[in-house]
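Welcome, and thanks for taking a look at this one with us. Below is a short briefing on how some helices and strands are arranged.

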Amino acid sequence: MKIVTWNINGIRTFRGGIKKALDSLGADIICVQETKVTRDLLDERTAIVDGYNSYFSYSRGRSGYSGVATYCKDSATPFAAEEGLTGLLTNHEGAVGCYGDHTEFSSEELQLLDNEGRAVITQHRIMCQNKVQTVTVINVYCPRADPEKPERKQFKLQFYKLLQYRAEAILKDGSFVIVLGDVNTSHRPIDHCDPSDIDDFGENPGRKWLNGFLHSDKPEEDKNEEEPDEESEISETDPTHGGKFVDTFRYFHPTRTNAFTCWSTLTGARQTNYGTRIDYIFADCQLAKDQFLGADIMPEVEGSDHCPVWGQLSCPLLPSSKPPPICTRYLPEFAGKQQKLSRFLVKVDQKSVQSERRDVLLGSQEEEERRENLNPIRAGNVSGKKRVLTSDSVVPKGKKTKTVNTSSKPQGSLLSFFKPKLTNAMCTSSTTETCDKQVKTKHSTPQPSVGHSNSNKGASLVFWKSVLHGPPPPPSCKVHGEPCVLRTVKKEGPNMGKQFFVCARPQGHSSNPEARCNFFAWVEKGK
């Protein structure tokens with residue numbers, strides 16, 4: 001059994017085809033975060049992938065925000081699945097259950113925590129030591145604590161607490177549990193590119209939560225990068241080590257440095273590996289000890305500001321004969337029970353509709369959208385031909401027809417709009433002869449020479465340079481002597497909108513000579 005988690009930063013990451021991308025990961029269960037797709041934007045190509053069954057959670061408040069999805073191979077079909085952590089979004093059979101203690105949360109808090117589409121839970125059967133067991137996979141996209149919005153820090157901590165209660169409740173009920181996804185917190189200094197740059201690194205509330213959630217078996221600094229030995233083996237019942245879950249990557253690679261999963265694309269930090277490790281696969285202690293064979297990151301896989309993380313287990317999956325009710329293939333718009341609203345608003349060729357009905361297999365929704373929405377003229381080509389044939393018919397009263405000017409008069413240059421020109425009004429009855437002479441002279445004037453044409457081009461170039469001047473030439477940074485890049489302040493404040501120059505190299509540690517230097521210069525006004 002192989003599982004993969006990946007923050008894809010938008011479902012459009014799979015531009016080459018979703019099936020091709022999923023197959024390339026070679027996993028049985030693939031959990032993706034930050035899909036940025038809502039229910040109304042979910043198309044059939046994304047929801048129905050051949051060989052897989054999928055489960056989505058969507059943001060209810062904002063479009064193009066958050067969202068998670070779990071794709072399971074048909075050989076790994078779960079027997080239960082649900083959206084969210086609270087149970088408030090569950091109104092069907094086949095739910096996972098075991099919601100834990102919610103007494104610390106108000107009903108409004110619970111609704112808000114599940115309102116952003118941050119969790120999907122699937123439950124599978126596995127064969128462990130000749131015995132059928134269950135494993136629950138909790139796919140999460142934890143909130144980010146925006147420093148400019150203090151309320152989001154509290155929201156993040158409440159989400160962590162709710163996640164822990166749910167995971168531990170399912171574990172207590174007898175199922176193995178895997179929590180994986182983008183947790184949005186780097187746990188230890190070894191998981192951060194520059195921990196010394198952060199004040200009170202260990203005092204961060206998110207890191208404190210991780211300390212309590214995870215089994216705290218601190219590795220020795222000189223331990224070799226090998227499979228864990230007997231002394232470092234974890235015990236689920238040892239109270240001195242706290243949490244019930246294990247960071248599987250650190251279980252197999254306790255001292256590996258520069259192992260990051262997220263980088264800033266704005267600063268090009270991936271080139272210098274100046275990032276953080278915030279994507280994890282957590283497993284309960286017993287499962288990690290008995291069944292996990294390995295776990296690692298995949299920095300070579302590009303397409304997002306995050307990279308995938310994989311985990312391999314020795315236990316085989318036992319697929320369910322039928323997916324749970326929240327599987328996307330059961331949604332009305334994909335099950336053939338509900339038509340799209342666009343079909344009632346756009347004229348469709350009846351012949352094409354009849355041919356579609358004769359087809360046994362349903363066409364993809366993307367093809368329908370392209371035919372109906374993006375090219376409605378083609379769909380109505382029959383009526384279009386009729387209009388051409390009856391264009392000479394009598395026009396009904398109250399309607400006006402537009403005539404197309406088929407004159408072959410050449411279009412003037414843009415420069416002519418800035419120069420005064422003669423109009424017909426200037427040619428009055430007293431000056432008709434003068435105007436006729438000007439016309440004759442104009443027709444008799446020979447074509448200008450090449451030299452004269454070049455001088456006109458030069459004059460035009462000077463004119464446009466005076467009207468449109470580009471950005472100021474970039475200075476060179478002091479360390480590398482290379483041209484800088486122009487940036488604009490987008491953060492709200494007194495400097496918002498101002499431009500400045502910085503070194504063009506990617507961001508990196510200050511000790512890295514190949515990384516960006518600290519050159520900075522404001523763009524002076526009037527330049």
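**Helix packing**

In this predicted model, helix 4 (residues 150-172) packs against helix 5 (residues 205-213) at an angle of about 10°, and their axes are 10 Å apart. Angles under 35 degrees count as roughly parallel, so helix 4 is roughly parallel to helix 5.

- On the helix 4 side, the residues in contact are Leu 157, Tyr 160, Lys 161, Leu 163 and Gln 164.
- Helix 5 meets them with Pro 205, Gly 206, Trp 209, Gly 212 and Phe 213.
- Sorted by class, this contact has six nonpolar, three polar and one charged residues.

**The six-strand sheet**

- Here the strands form an open sheet in the order 3-4-2-1-14-13, and the pairing is mixed.
- Strand 3 (52-57) and strand 13 (292-297) are the edge strands, each pairing on one side only.
- From one strand to the next, the twist averages 10°.
- Five bridges link strand 13 with strand 14 (residues 309-313) in the antiparallel sense.
- Opposite Ile 297 you will find Val 309 in strand 14.

**The three-strand sheet**

- This open sheet follows the order 16-17-18, with antiparallel pairing.
- Its edges are strand 16 (485-488) and strand 18 (520-522), and each of these pairs on one side only.
- Neighbouring strands here are turned by 30° against each other on average, with direction ignored.
- Strand 16 runs antiparallel to strand 17 (residues 499-502), and four bridges join the two.
- Arg 487 has Phe 500 as its bridge partner in strand 17.

Note on methods
Residues are numbered from 1 along each chain as its sequence is written. This is a predicted model: local features need pLDDT of at least 70, side-chain atom pairs count only at pLDDT 80 or more; totals for chains, interfaces and linings use all residues. Side-chain values use heavy atoms; hydrogens and water are left out. Axes are lines fitted to C-alpha atoms, for helices over the stretch in contact, and angles run from 0 to 180 degrees between N-to-C directions. Angles under 35 degrees count as roughly parallel, over 145 as roughly antiparallel, 65 to 115 as roughly perpendicular and the rest as oblique. Contact means heavy atoms within 4.5 Å. Ala, Val, Leu, Ile, Met, Phe, Trp, Tyr, Cys and Pro count as nonpolar, Asp, Glu, Lys and Arg as charged, and the others, Gly among them, as polar. Two strands pair if DSSP finds at least two bridges between them.
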